[in-house]
Amino acid sequence: MVAIIKYNAGNIMSVEFALQRLGADCIVTDNFDLIKKADKVIFPGVGEASTTMNYIINAGIDSLIKNLSQPVLGICLGLQLMCKRSEEGNVNCLGIFDEEVIRFSNQAKVPHMGWNSLTKMNSPLFKNISLDSYVYFVHSYYACIGNNTIAETDYINPFSSALNKNNFFATQFHPEKSGDVGSTILKNFMEL
Amino acid sequence: MLAKRIIPCLDVRDGMTVKGVNFVNIREVGDPVELGAQYSKEGADELVYLDITASHEKRKLFHDLVKRIAQNINIPFTIGGGINEISDADKLLSAGADKISINSAAVRNPDLVSQIAGAFGNQFVVVAVDARFEEGEWVVYVNGGRIKTDKKLFSWAKEVQERGAGEILFTSMNHDGVKNGFACDALNVLSNSLSIPVIASGGAGKMEHFVDVFNSGNADAALAASIFHFKEIPIPKLKDYLRNNNVVVR
């Protein structure tokens, strides 16, 4: 059973549909017991970092996530909230990953929106994914490259398109919207 | 590198995909979900579904259709038409839409752009602008090109960007349906004056037009309907052609 954490963060349904297409047994829930008992947990997110961070602290979701021991996958804002700190609203985040989240410079259009390629992939999450495969991004802030980086993408500068530390994984792109490549990545996560 | 996007546009009326020429003479071309899934399989980067009768007949989009699209298609899609207030956008988000597109409603109530962007993020809001070049100016039209406004393309696009639009979908009414190429000059000015992506629409007839729209027009994405619906240009062939002409595509 995969638990998708339900909270005030955007398009959660598309993650559920993507898992259903893979035949996964999944539930969208804010029930802490169900989340703790799930085999896998997905922490999606679309929105503004400081507002969302305040929401999850008030709801107690912050300590829930940090104490999970099964594989956890953060997506998009989920990745950023799992980092140390975000420049968006200057907020301290969950601190699972050591990386900092900062805004793209205005040298090109922001948000970084559309399909961009994955390089330097180094994780079972990217099994059967070939170099330079395209995935779908929509974001204005990014996690810098650091010790937890398991894939890089270049937009204005190279940034962390995926992170991993222990049982915690996260992608800046939306695997649920990234066609067959994204489905394979979700399938790989399910098989961790 | 960030790829240029190819976006088939599916105009939906009464649950069927349709295609008009110059906003009139409508023909039916098939089931929106099946057609979208087929385009996705062929390599489309995104899909746009527009309820073309919505603003005219005040009809709301069917949320069941949006949900079916979200269930069956694994690339991003935008829903436009019939979004007049924030609750309309909220319902579409809940049904699984990745983005919504507003056109006439944004002109009538510019604050709607700010409200939706504020509630659901800039990435969720595409502002569609239909404009016609007349007497030396790009004049914005609403209600599916039926009603002329006092707004001008470039200043209006700038205003909605400041209000929080995540993308601009610009349709040149002069070029739409004519298949003689996109409005590259206007697109280039638009794209360079904005800090958000620009989707070009109207005028695609040949594969060369797509090279032009990305190179001369500086567009971030190109949208077309009939050339895809009537299989005049298959998407895989278009992608190969663009790649061979040094346009970065997925």
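This report describes the interface, the nonpolar core, the salt bridges and selected local environments of a predicted model.

## Interface between chains A and B

In this predicted model, the contact between the two chains involves 36 residues of chain B and 26 residues of chain A. Together the chains bury about 2400 Å², and carbon and sulfur atoms account for 57% of that area. On the chain B side, the greatest losses of area to chain A fall on Leu2(B), Asn74(B) and Arg250(B), which together make up 27% of what that side buries.

Polar and charged pairing also occurs across this interface: 14 residue pairs are in polar contact, both members being at pLDDT 80 or more. Two elements of chain B, α3 (63–72) and α4 (86–95), give two or more residues to the side that touches chain A. Of these, α3(B) gives the most, with four residues. The class composition of that side is 18 nonpolar, nine polar and nine charged residues.

Two salt bridges cross between chain B and chain A. In one pairing, Lys177(A) meets Asp98(B), with 2.9 Å between the closest N and O atoms.

## Nonpolar core

The largest nonpolar core comprises 82 residues. Within this core, the residues with the most contacts are Ile102(B), Ile116(B), Val127(B), Ile168(B), Phe170(B) and Phe210(B). In soluble globular proteins, nonpolar side chains tend to be buried together.

Ile116(B) illustrates the surroundings of one such residue. Beyond its neighbours within four places in sequence, Ile116(B) contacts Ile83(B), Ile86(B), Ala89(B), Ile100(B), Ile102(B), Gly121(B), Phe124(B) and Val125(B). One of these partners, Ile102(B), is itself listed among the core residues with the most contacts.

## Helix α9 of chain B

Phe210(B), named above for its contacts in the core, belongs to the buried set of helix α9 (residues 207–215) of chain B. The buried residues of this helix are Met207(B), His209(B), Phe210(B), Val211(B), Val213(B) and Phe214(B). The elements that cover them include the strands β1 (5–13), β11 (198–201) and β12 (221–224) of chain B, and also the helices α8 (184–193), α10 (226–229) and α11 (235–244) of chain B.

## Salt bridges

Over all chains, the structure holds 19 salt bridges. One of them pairs Glu46(B) with Lys99(B), at 3.0 Å from N to O. This pair links distant parts of the chain, 53 residues apart: Glu46(B) is in the loop between α1 (32–42) and β4 (47–51) of chain B, and Lys99(B) is in strand β6 (residues 99–102) of chain B. Both partners are buried.

A further pair, Arg163(B) and Asp111(B), meets at 3.7 Å from N to O. Arg163(B) belongs to helix α7 (residues 153–163) of chain B and Asp111(B) to helix α6 (residues 111–120) of chain B, so this salt bridge ties together parts that are 52 residues apart in sequence. Arg163(B) is partly exposed, at 28% relative accessibility, and Asp111(B) is also partly exposed, at 36%.

Arg132(B) and Glu134(B) form another salt bridge, their closest N and O atoms being 3.9 Å apart. Arg132(B) is partly exposed, with a relative accessibility of 30%, whereas Glu134(B), at 18%, counts as buried. Shared partners join the salt bridges of Arg5(B), Glu46(B), Lys99(B) and Glu167(B) into one network.

## Two buried sites in chain A

Ser14(A) is located in helix α1 (residues 13–21) of chain A. Its relative accessible area is 2%, so Ser14(A) is buried. Apart from residues up to four places away in sequence, Ser14(A) touches Glu176(A) and Lys177(A). Lys177(A) is also the residue that forms the salt bridge with Asp98(B).

Ile12(A) is found in the loop between β1 (2–5) and α1 of chain A. With a relative accessibility of 8%, Ile12(A) counts as buried. Residues up to four places away in sequence aside, Ile12(A) touches Ile4(A), Ile5(A), Lys6(A), Tyr7(A), Val28(A) and Pro44(A). Ile12(A) and Asn157(A) are separated by 145 residues in sequence, and their C-alpha atoms lie 29 Å apart in space.

Conventions. Residues are numbered from 1 along each chain as its sequence is written. Chains are lettered from A and ligands numbered from 1 in the order in which they are written. This is a predicted model: local features need pLDDT of at least 70, side-chain atom pairs count only at pLDDT 80 or more; totals for chains, interfaces and linings use all residues. Side-chain values use heavy atoms; hydrogens and water are left out. Contact means heavy atoms within 4.5 Å. Buried area is the accessible area (1.4 Å probe) that two parts lose on being put together, summed over both. A salt bridge is a side-chain nitrogen of Lys or Arg within 4 Å of a carboxyl oxygen of Asp or Glu. A polar contact is a pair of N or O atoms within 3.5 Å; within protein, one must be able to donate a hydrogen and the other to accept it, and residues adjacent in sequence count only if both atoms are side-chain atoms. Ala, Val, Leu, Ile, Met, Phe, Trp, Tyr, Cys and Pro count as nonpolar, Asp, Glu, Lys and Arg as charged, and the others, Gly among them, as polar. A nonpolar core is a set of buried Ala, Val, Leu, Ile, Met, Phe, Trp, Tyr and Cys residues joined through side-chain atoms within 4.5 Å. Buried means under 20% relative accessible area, exposed over 50%, partly exposed in between (1.4 Å probe, protein chains only).
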